[in-house]
Amino acid sequence: MNWNDEMKKWLTAWFSKHTGHDTPEIEAHADENYFELGYIDSFGFIELIEELEETHELTFENDAFEDRAFATINGLAQICAGLKQQER
């Protein structure tokens with residue numbers, strides 16, 4: 001499994017745990033804005049980023065949050081996978 005798939009899996013599990021929505025529903029909306037779906041709010045986003053940084057040893061630059069991809073599960077998975085690949 002590649003980093004992108006690993007990150008999608010982790011993010012799907014995280015959203016399922018924190019929203020109460022089941023995995024198939026989360027997966028079905030992975031390209032949609034999770035703020036607009038009501039999955040998380042700004043506090044939930046901070047918690048998500050903290051867990052990503054701690055669990056996967058990632059560091060996000062402040063300007064990275066301006067990327068619209070941060071608002072979808074698939075987009076965030078790609079960003080995280082890119083950061084993991086840069087570490088190599």
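The following exercises concern the packing of helices H1, H3 and H4 in a predicted model.

**Exercise 1.** Determine what end-to-end span helix H4 should have, and compare this with the model.

*Solution.* Helix H4 covers residues 73-87, which gives 15 residues. At 1.5 Å a residue, taken over one less than the number of residues, the expected span is 21 Å. The end C-alpha atoms of H4 are 21 Å apart, so expectation and model agree.

**Exercise 2.** Identify the buried residues of H4 and state which helices they pack against.

*Solution.* Burial requires under 20% relative accessible area. In H4 the residues that qualify are Ile 73, Asn 74, Gly 75, Leu 76, Ala 77, Ile 79, Cys 80, Ala 81, Leu 83 and Lys 84. These buried residues pack against helix H1 (3-19), helix H2 (23-28) and helix H3 (42-56).

**Exercise 3.** Classify the relative orientation of H3 and H4, and describe their contact.

*Solution.* The axes of H3 and H4 come within 12 Å and cross at roughly 30°. Because angles under 35 degrees count as roughly parallel, H3 is roughly parallel to H4. The crossing of the pair is right-handed. On the H3 side, Leu 48, Leu 52 and His 56 take part, and they meet Leu 76, Cys 80, Lys 84 and Glu 87 of H4. Sorted by class, the contact of H3 with H4 comprises 4 nonpolar, 1 polar and 2 charged residues.

**Exercise 4.** Classify the relative orientation of H1 and H4, and give the composition of their contact.

*Solution.* The axes of H1 and H4 come within 8 Å, with a crossing angle of roughly 130°. H1 and H4 are therefore oblique to each other, and H1 passes H4 in a right-handed crossing. From H1, the contact residues are Trp 3, Asn 4, Met 7, Lys 8, Leu 11, Thr 12 and Phe 15. From H4, they include Ile 73, Leu 76, Ala 77, Cys 80, Ala 81 and Lys 84. The contact of H1 with H4 has 9 nonpolar, 5 polar and 2 charged residues.

**Exercise 5.** Carry out the corresponding analysis for H1 and H3.

*Solution.* The axes of H1 and H3 come within 12 Å and cross at roughly 140°. Angles over 145 degrees would count as roughly antiparallel; H1 and H3 are therefore oblique to each other. H1 passes H3 in a right-handed crossing. H1 contributes Met 7, Trp 10, Leu 11, Trp 14, Phe 15 and His 18 to the contact, while H3 contributes residues including Leu 48, Glu 51 and Leu 52. The contact residues of H1 with H3 divide into 7 nonpolar, 4 polar and 2 charged.

Conventions:
Residues numbered from 1 in each chain as written. Predicted model: local features only at pLDDT ≥ 70, side-chain atom pairs only at ≥ 80, totals over all residues. Heavy atoms only, no water. Helix = DSSP H or I, 4+ residues; strand = E, 2+ residues; numbered from the N terminus. Buried < 20%, exposed > 50% of the residue type's maximum accessible area, 1.4 Å probe, protein only. Contact = heavy atoms within 4.5 Å. Axes fitted to C-alpha atoms, helices over the stretch in contact; angles between N-to-C directions. Parallel < 35°, antiparallel > 145°, perpendicular 65-115°, else oblique. Left-handed = near helix turned anticlockwise from the far one by under 90°. Nonpolar A, V, L, I, M, F, W, Y, C, P; charged D, E, K, R; others polar.
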